[in-house]
Amino acid sequence: MKFNTLLQYITPHRSTLLSVLALLLATSAVSLANPWIAGLLTRALLEGESSSLPAFQLILLAWFGLLLLKSLLGFASSYLIGGTGADMAARLRSRVYEHLQILPMSYYQDRKPGDLLTLLSNDAEAISGFVTSTLVQLLPLVLTFLGAFAIMAWLDPLIAGLAALLMPVYYLAMKILGRRIRPITSQWIKSWSGMISLVQENLGLIPAIKAFTREALETERFEAKNVDFLDLSRKQILIQSIMSPAISFLAGAGLLLLLWVGISHVESGQLETSELVSLLLYAMLLLSLIHIS
């Protein structure tokens with residue numbers, strides 16, 4: 001689908017998508033405020049009565065307000081994104097179905113029914129998902145990432161620099177494992193489509209299959225496709241099982257390294273304990289953003 005054609009389906013939802021963008025930007029601002037207020041709470045608890053900050057009860061109330069605001073913003077943005085995506089996917093499906101009606105018979109002779117069903121369902125959902133879940137959310141993710149890194153650099157340049165060095169390692173590990181699973185997922189979809197097409201074809205030809213006693217042969221054909229689908233499913237599950245623990249280990253090891261450096265800075269007086277808490281939370285926010293992207 002050409003980009004100009006895609007714009008025809010985005011334009012009617014332009015005002016809604018701009019509203020979603022505003023909500024996501026507000027959510028990013030609240031996400032950046034959470035580690036900062038956690039540092040304030042830590043400082044208030046450590047310094048006690050000598051602190052010039054408000055009492056920790058007031059800080060907790062403010063934090064509660066931030067959490068409530070983030071939840072409300074998340075609900076509003078998710079509802080708008082979901083509704084807009086569903087409406088966009090419905091319009092795309094209607095357009096695809098209308099186009100399928102006017103295609104020549106030669107087009108259908110070269111393709112299986114399962115492939116056409118995938119085109120009508122999965123492809124429309126993928127396009128609407130790209131617009132609502134990727135395109136609209138890109139700017140808030142970038143601004144949140146840059147904001148978190150800027151605050152880390154202001155609190156402790158060395159820890160921010162280490163985080164900047166660790167982020168590409170974490171990102172590359174995710175992409176390498178993701179690259180291994182994408183071809184298998186593509187084969188998995190094709191295998192599933194082929195198996196469903198065979199079932200649809202055979203169910204429509206049951207009288208002929210019984211008349212020519214082809215039950216055993218058709219069972220063997222289905223079993224071969226089923227075994228192939230099972231093998232692909234096992235490969236997919238294996239990589240997914242490796243991916244999550246490996247990513248968690250890298251994230252945990254990186255945070256422990258930052259904590260080690262941060263504790264040494266606290267002991268030398270270069271950093272306050274409350275600032276260390278905020279730094280670690282900002283580092284966790286960066287990791288979550290990379291995981292989302």
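Here are some questions and answers about this predicted model.

User: What is the secondary structure of the chain, in helices and strands?
Analyst: Going from the N terminus, the elements run α-α-α-α-α-α-α-α-α-α. The tally for the chain is zero strands and 10 helices.

User: How much of the chain is made up of buried residues?
Analyst: The cut-off for buried is under 20% relative accessible area. The chain has 293 residues, and the buried share of them is 33%.

User: Of the contacts between residues at least 6 apart in sequence, what share joins residues at least 24 apart?
Analyst: Start with the contacts in the chain whose residues are at least 6 apart in sequence. The part of them that joins residues at least 24 apart is 80%.

User: Which residues touch the most other members of the largest nonpolar core?
Analyst: That core holds 26 residues. The ones touching the most other members are M152, I159 and Y170.

User: And which helix gives the most to this core?
Analyst: Helices α6 (138–155), α7 (157–204), α9 and α10 (273–292) each put in at least two residues. The one that gives the most supplies nine residues, and that's α10.

User: Which residues is M152 in contact with, leaving aside neighbours within four places in sequence?
Analyst: M152 sits among the residues that touch the most other members of the largest core. With those neighbours set aside, its contacts are P157, I159, A160, A163, L279, Y282, A283 and L286.

User: How many residues are in the other core, the one that lies apart?
Analyst: Among its members are I37, L40, L41 and L73. This core lies apart from the largest one, and its residue count is nine.

User: Is α6 oblique or roughly antiparallel to α7?
Analyst: The two axes come within 5 Å and cross at roughly 140°. Roughly antiparallel takes an angle over 145 degrees. The crossing falls short of that, so α6 relative to α7 is oblique.

User: How do the residues of the contact of α6 with α7 divide into nonpolar, polar and charged?
Analyst: From α6 come F149, M152, A153 and L155, and from α7 come P157, I159, A160, A163 and A164. In soluble globular proteins, nonpolar side chains tend to be buried together. The split for this contact is no charged, no polar and nine nonpolar.

User: What about α7 and α9, are they roughly parallel or roughly antiparallel?
Analyst: Their axes are 9 Å apart, and the packing angle is about 170°. An angle over 145 degrees is what counts here, so α7 against α9 is roughly antiparallel.

User: What residues does the contact of α7 with α9 have by class?
Analyst: This is the contact of the pair that packs at about 170°. Sorted by class, its residues are six charged, 13 polar and 28 nonpolar.

User: How many salt bridges does the count come to?
Analyst: E218 pairs with R214 through their side chains, at 2.9 Å from N to O. E218 also forms a salt bridge with R221, where the closest N and O atoms are 2.9 Å apart. R214, E218 and R221 are thus joined in a network, and the count comes to two.

User: Is E218 buried or exposed?
Analyst: Its arginine partners R214 and R221 are each at 33% relative accessibility and count as partly exposed. E218 has 8% relative accessibility, and the cut-off is under 20%, so E218 counts as buried.

User: Where do E218 and R221 lie?
Analyst: The two are three residues apart, about one turn of the helix. The helix that holds both covers residues 215–267, and that's α9.

User: Which residues does P140 touch, not counting those up to four places away in sequence?
Analyst: P140 is in helix α6 and is buried, with a relative accessible area of 4%. Its C-alpha atom is 7.4 Å from that of L21, although the two are 119 residues apart along the chain. The residues P140 touches are L21, L24, L25 and S28.

Notes: Residues numbered from 1 in each chain as written. Predicted model: local features only at pLDDT ≥ 70, side-chain atom pairs only at ≥ 80, totals over all residues. Heavy atoms only, no water. Salt bridge = Lys/Arg side-chain N within 4 Å of Asp/Glu carboxyl O. Buried < 20%, exposed > 50% of the residue type's maximum accessible area, 1.4 Å probe, protein only. Helix = DSSP H or I, 4+ residues; strand = E, 2+ residues; numbered from the N terminus. Core = buried A, V, L, I, M, F, W, Y, C linked by side-chain atoms within 4.5 Å. Contact = heavy atoms within 4.5 Å. Axes fitted to C-alpha atoms, helices over the stretch in contact; angles between N-to-C directions. Parallel < 35°, antiparallel > 145°, perpendicular 65-115°, else oblique. Nonpolar A, V, L, I, M, F, W, Y, C, P; charged D, E, K, R; others polar.
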